Amino acid sequence: MWIGVVLALITSMSWALGNVFIQKSGKAVGAPRAMLWAMLAGGVLSGVLSALLDTRAGAIDTAVVGWIALAGASGLVAYLGLFRAFERAPLSIAVPLVSSWSVVAGLFALLVLHERPTGTQLVGGLVVVLGVVLVSVAGAKPQAGQDRAGWHGLWPSFAAAIGFGIMVPVMTARVAPAVGAFGATSVVYAVGVALALPLGAVLRVPLRPPPRGLWAVVLVTGCFETVGFVCIAFAHRFAPTAVVTPVSSLAAAFTVLYAWVVLRERPHPMATAGAVLASVGIVVLSS
């Protein structure tokens, strides 16, 4: 049991560090470029891990291909919104909003995958929604002296929440059984990159490789995201889902704590209360 808990904690820490490096890489080279090369790095790493560790329980048929396409497209929206939000908005505000994807995932699973949430998950979802509302209201009215341009990250945060809310349940429930847990990450990243390249060309968004001095930041960003998936996959082998999922969902709380302690972010008190509520609700929703 304790090994599973430790691995779940490592997952949270890895994803929290991934959030920090997403902000760094987005500000260094721009959100679209950072996103593309981080996804490429994460896709290669997860592909290697898939070849070594994955087990497959289903066949790849037309339906699975369709689910892969949906997960890849929604993943592109999710990661572009994520990188853009963390580039423009304070982490203490953007992270709780992005993390509300768990509410979207619950709705998607209910309406499309025909799953039924528990009473605890409904309560957690309501707490997350309340926290998001508080963060959004406070974010629309920044305190004196704050850069209002930074609050434009609110809309990309919601786009990321919607994208992840579709991508994650599709990956876990429809794609992973056919291609494996790590294989699902790899193929979804691959579809996202394949869609991003022509879109970047049409919209004339620079997607060229980052400068040599910034490669480490971009690669580490993709690796932290993938390491989180690796650890949570192994955690389920040692501890039940009811233990692993809530512990691994602490990434949002760890990131907000980092923003407050290290980055010295001091958002509006209402936004702080909302961030705390959203972080608590995410853990409850995942239990």
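## A predicted all-helix chain

Arginine 84 and glutamate 87 form a salt bridge, and their closest N and O atoms are 3.2 Å apart. The model in which this pair is found is a predicted one. By the rule applied here, the count of salt bridges comes to one. Both partners, arginine 84 and glutamate 87, belong to helix 3 (residues 62-88), where they sit three residues apart, or about one turn of the helix. An α-helix has 3.6 residues a turn, so residues three or four places apart point the same way. Arginine 84 counts as partly exposed because its relative accessible area is 25%, a value between the 20% and 50% cut-offs. Glutamate 87 is also partly exposed, at 22% relative accessibility.

**The chain as a whole**

The protein chain has twelve helices and zero strands. Along the sequence, its pattern reads α-α-α-α-α-α-α-α-α-α-α-α. Of its 287 residues, 48% count as buried. The chain exposes about 12900 Å², and carbon and sulfur atoms supply 73% of that area. Among contacts between residues at least 6 apart in sequence, 88% join residues at least 24 apart.

**Two buried residues and their distant partners**

Serine 74 lies in helix 3, the helix that also holds arginine 84 and glutamate 87. Serine 74 counts as buried because its relative accessible area is 7%, and the cut-off for buried is under 20%. Leaving aside neighbours within four places in sequence, serine 74 is in contact with Gly163, Ile166 and Met167. One of these partners, isoleucine 166, is 92 residues from serine 74 in sequence, and their C-alpha atoms are 6.4 Å apart in space.

Alanine 259 is placed in helix 11 (residues 251-261). With a relative accessible area of 0%, alanine 259 is buried. Its contacts, apart from neighbours within four places in sequence, are Leu91, Ser92, Arg264 and Glu265. The C-alpha atom of alanine 259 is separated by 7.8 Å from that of proline 90, although the two residues are 169 apart along the chain.

**Helix 1 and a nonpolar patch**

Helix 1 covers residues 2-29, and valine 6 has its place there. The helix has 28 residues, which at 1.5 Å a residue should span 40 Å; its end C-alpha atoms are 40 Å apart, so the two values agree. Just after helix 1, glycine 30 takes a positive phi of about 95°.

Valine 6 is also part of a nonpolar patch on the surface, formed with Trp2, Ile3, Ile10 and Phe238. Together these residues have about 490 Å² of accessible area. Valine 6 itself is partly exposed because its relative accessibility is 37%. That value also passes the patch cut-off of over 30% relative accessible area.

**Helices 8 and 9 and the loop between them**

Helix 8 (181-203) and helix 9 (215-235) are joined by a loop that contains arginine 204. Arginine 204 has a phi near 60°, a positive value in a residue other than glycine. Most residues other than glycine have a negative phi, and most peptide bonds are trans. Arginine 204 counts as exposed because its relative accessibility is 78%.

Helix 9 has 21 residues and reaches 30 Å from its first C-alpha to its last, close to the 30 Å expected at 1.5 Å a residue. Its buried residues are Val218, Thr221, Gly222, Glu225, Thr226, Gly228, Val230, Cys231, Ile232 and Ala235.

Cysteine 231 is buried, with a relative accessible area of 11%, whereas cysteine 223 is partly exposed, at 30%. A search of the whole structure finds zero disulfides. A disulfide is a covalent bond between the sulfur atoms of two cysteines.

**Accessibility of the residues discussed**

The table gathers relative accessible areas by residue.

| Residue | Relative accessible area | Class |
|---|---|---|
| Alanine 259 | 0% | buried |
| Serine 74 | 7% | buried |
| Cysteine 231 | 11% | buried |
| Glutamate 87 | 22% | partly exposed |
| Arginine 84 | 25% | partly exposed |
| Cysteine 223 | 30% | partly exposed |
| Valine 6 | 37% | partly exposed |
| Arginine 204 | 78% | exposed |

Conventions: Residues are numbered from 1 along each chain as its sequence is written. This is a predicted model: local features need pLDDT of at least 70, side-chain atom pairs count only at pLDDT 80 or more; totals for chains, interfaces and linings use all residues. Side-chain values use heavy atoms; hydrogens and water are left out. Patches are made of residues with over 30% relative accessible area and no salt bridge: like charges are joined within 9 Å, nonpolar side chains (Val, Leu, Ile, Met, Phe, Trp, Tyr) within 5 Å. Accessible areas come from the Shrake-Rupley method with a 1.4 Å probe; for residues, only the protein chains shown count as cover. A salt bridge is a side-chain nitrogen of Lys or Arg within 4 Å of a carboxyl oxygen of Asp or Glu. Helices (H or I, at least four residues) and strands (E, at least two) are DSSP runs, numbered from the N terminus. Buried means under 20% relative accessible area, exposed over 50%, partly exposed in between (1.4 Å probe, protein chains only). The expected span of a helix is 1.5 Å times one less than its number of residues. Contact means heavy atoms within 4.5 Å. A disulfide is a pair of cysteine sulfur atoms within 2.5 Å.
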